[in-house]
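Subject: Structure handover

Hello,

Here is the structure I said I would pass on. My notes on the helix packing and on a few single residues follow it.

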Amino acid sequence: MSEQGRLQGRAGIVTGAASGIGRAAALRLAREGAGLTLVDLNRELLEEAAREIRKAGGPEPLLAPADVSDEAQVGEFTAACRDKLGAVDFLVTSAGILRRTGFTDLQPKEWELVLKVNLTGPFLCCRAAAPIMIEQGRGSIVNVASLAGRTVSVLGGAHYTVSKHGVVGLSRHLARELGPFGVRVNAFCPGGTMTPMVTQVTPPEELEATAAKFPLRRWGRPEEQAAAIAYLVSDESSYMTGACLDSNGGAVML
């Protein structure tokens, strides 16, 4: 099947859609015909993403400046997707934050913040979308975890590693519970990807040294990760659920 039109007539939600992997995923899904609800705290960057989608010829997206760790806001944008776009066929939870604080300096407040965004956020989004998908008898949830959800974070702190392991566990558990209703749930574990979240907290020399350790000897591009997300969303992965798809340039082998 051609990529173009693979998601024609489908509608869904992408969180963290203003930048990085989330933004690349939104553009890819829109190019394949999907109607989108774009979620992020940054309204200005959301509007930029929407302009990019329009320029690429994708359907006009619904913008939802919102906090994924706020239960009420999650409920609102999920209902808006269903009511205004007609369905919630898929959910991509890409919103996340990275902190590098070492364990002995890590304070409970920062620990709670990272867990709140990176793990409670996907939980709330899945909980809001699941009843709609069950009623529809179909749905695909892609929870964006990380290489850190498979091993240990290279750039982040213990709280980042724990949050991403939690996302993998949440995805596998939900796959078992929601599978009988026709709802698939997979974790996506990107690693070594050049995104603003990474470059803003990592010196250039460290980025270069880290890339030299990857088997492919380079950092990945958000567009490469978006292609894998589109596959998990689409019917081409129709027999995949409870999986953890790695895309990290071979770094998981290190």
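H1 passes H2 in a right-handed crossing. This is a predicted model, and the notes below should be read with that in mind. The axes of H1 and helix H2 (residues 43–55) are 10 Å apart, and the packing angle is about 30°. Angles under 35 degrees count as roughly parallel, so H1 is roughly parallel to H2. On the H1 side the contact is made by Arg23, Ala26, Leu27 and Ala30, and on the H2 side by Leu45, Glu48, Ala49, Glu52 and Ile53. Six of the residues in the contact of H1 with H2 are nonpolar and three are charged, with no polar ones.

H1 also packs on H8. Here the axes come within 8 Å and cross at roughly 55°, which makes H1 oblique to H8. The crossing of H1 and H8 is right-handed. H1 contributes Gly20, Ile21, Ala24, Ala25, Arg28 and Leu29, while H8 contributes Pro222, Glu223, Gln225, Ala226, Ala227, Ile229, Ala230 and Val233. By class, the contact of H1 with H8 has 10 nonpolar, two polar and two charged residues.

Some detail on H8 itself. The helix covers residues 222–233, 12 residues in total, and spans 16 Å from its first C-alpha to its last, close to the 16 Å expected at 1.5 Å a residue. Its buried residues are Pro222, Gln225, Ala226, Ala228, Ile229, Ala230, Leu232 and Val233. What do the buried residues of H8 pack against? The partners are helix H1 (20–31) and four strands: E4 (90–93), E5 (139–144), E6 (183–190) and E7 (244–247).

Ala227 is also in H8, but it counts as partly exposed because its relative accessibility is 26%, and the buried class requires under 20%. The C-alpha of Ala227 is separated by 7.0 Å from that of Arg28, although the two residues are 199 apart along the chain. Both Ala227 and Arg28 take part in the contact of H1 with H8.

The loop between helix H7 (204–211) and H8 holds Arg217. Phi of Arg217 is near 60°, a positive value in a residue other than glycine. Most residues other than glycine have a negative phi. Arg217 counts as exposed because its relative accessibility is 54%, and the cut-off for that class is over 50%.

The next pair is H4 and H5. The axes of helix H4 (residues 108–136) and helix H5 (residues 158–178) come within 8 Å and cross at roughly 15°. That angle makes H4 roughly parallel to H5, and the crossing of the two is right-handed. From H4 the contact takes in Glu110, Trp111, Val114, Leu115, Asn118, Leu119, Pro122, Phe123, Cys126, Ala130 and Ile134. From H5 it takes in Ala158, His159, Tyr160, Val162, Ser163, Lys164, Gly166, Val167, Leu170, Leu174 and Leu178. The contact of H4 with H5 has 16 nonpolar, four polar and two charged residues.

Within H5, His159 may be worth a look. Is His159 buried or exposed? His159 counts as buried, because its relative accessibility is 0%. Leaving out residues up to four places away in sequence, His159 touches Arg99, Thr101, Leu106, Glu110, Trp111, Val114 and Leu115. Of these, Glu110, Trp111, Val114 and Leu115 are among the H4 residues in the contact with H5. Arg99 is 60 residues from His159 in sequence and 8.0 Å from it in space, C-alpha to C-alpha.

The last residue on my list is Ser69, in the loop between strand E3 (62–65) and helix H3 (71–85). Ser69 is buried, because its relative accessible area is 12%. Apart from its neighbours within four places in sequence, Ser69 is in contact with Lys116, Gly121 and Leu124. The C-alpha atoms of Ser69 and Pro222 are 24 Å apart, with the two positions 153 residues apart in sequence numbering.

Regards

Note on methods. Residues are numbered from 1 along each chain as its sequence is written. This is a predicted model: local features need pLDDT of at least 70, side-chain atom pairs count only at pLDDT 80 or more; totals for chains, interfaces and linings use all residues. Side-chain values use heavy atoms; hydrogens and water are left out. Axes are lines fitted to C-alpha atoms, for helices over the stretch in contact, and angles run from 0 to 180 degrees between N-to-C directions. Angles under 35 degrees count as roughly parallel, over 145 as roughly antiparallel, 65 to 115 as roughly perpendicular and the rest as oblique. A crossing is left-handed if the near helix is turned anticlockwise from the far one by less than a right angle, and right-handed if clockwise. Contact means heavy atoms within 4.5 Å. Ala, Val, Leu, Ile, Met, Phe, Trp, Tyr, Cys and Pro count as nonpolar, Asp, Glu, Lys and Arg as charged, and the others, Gly among them, as polar. The expected span of a helix is 1.5 Å times one less than its number of residues. Buried means under 20% relative accessible area, exposed over 50%, partly exposed in between (1.4 Å probe, protein chains only).
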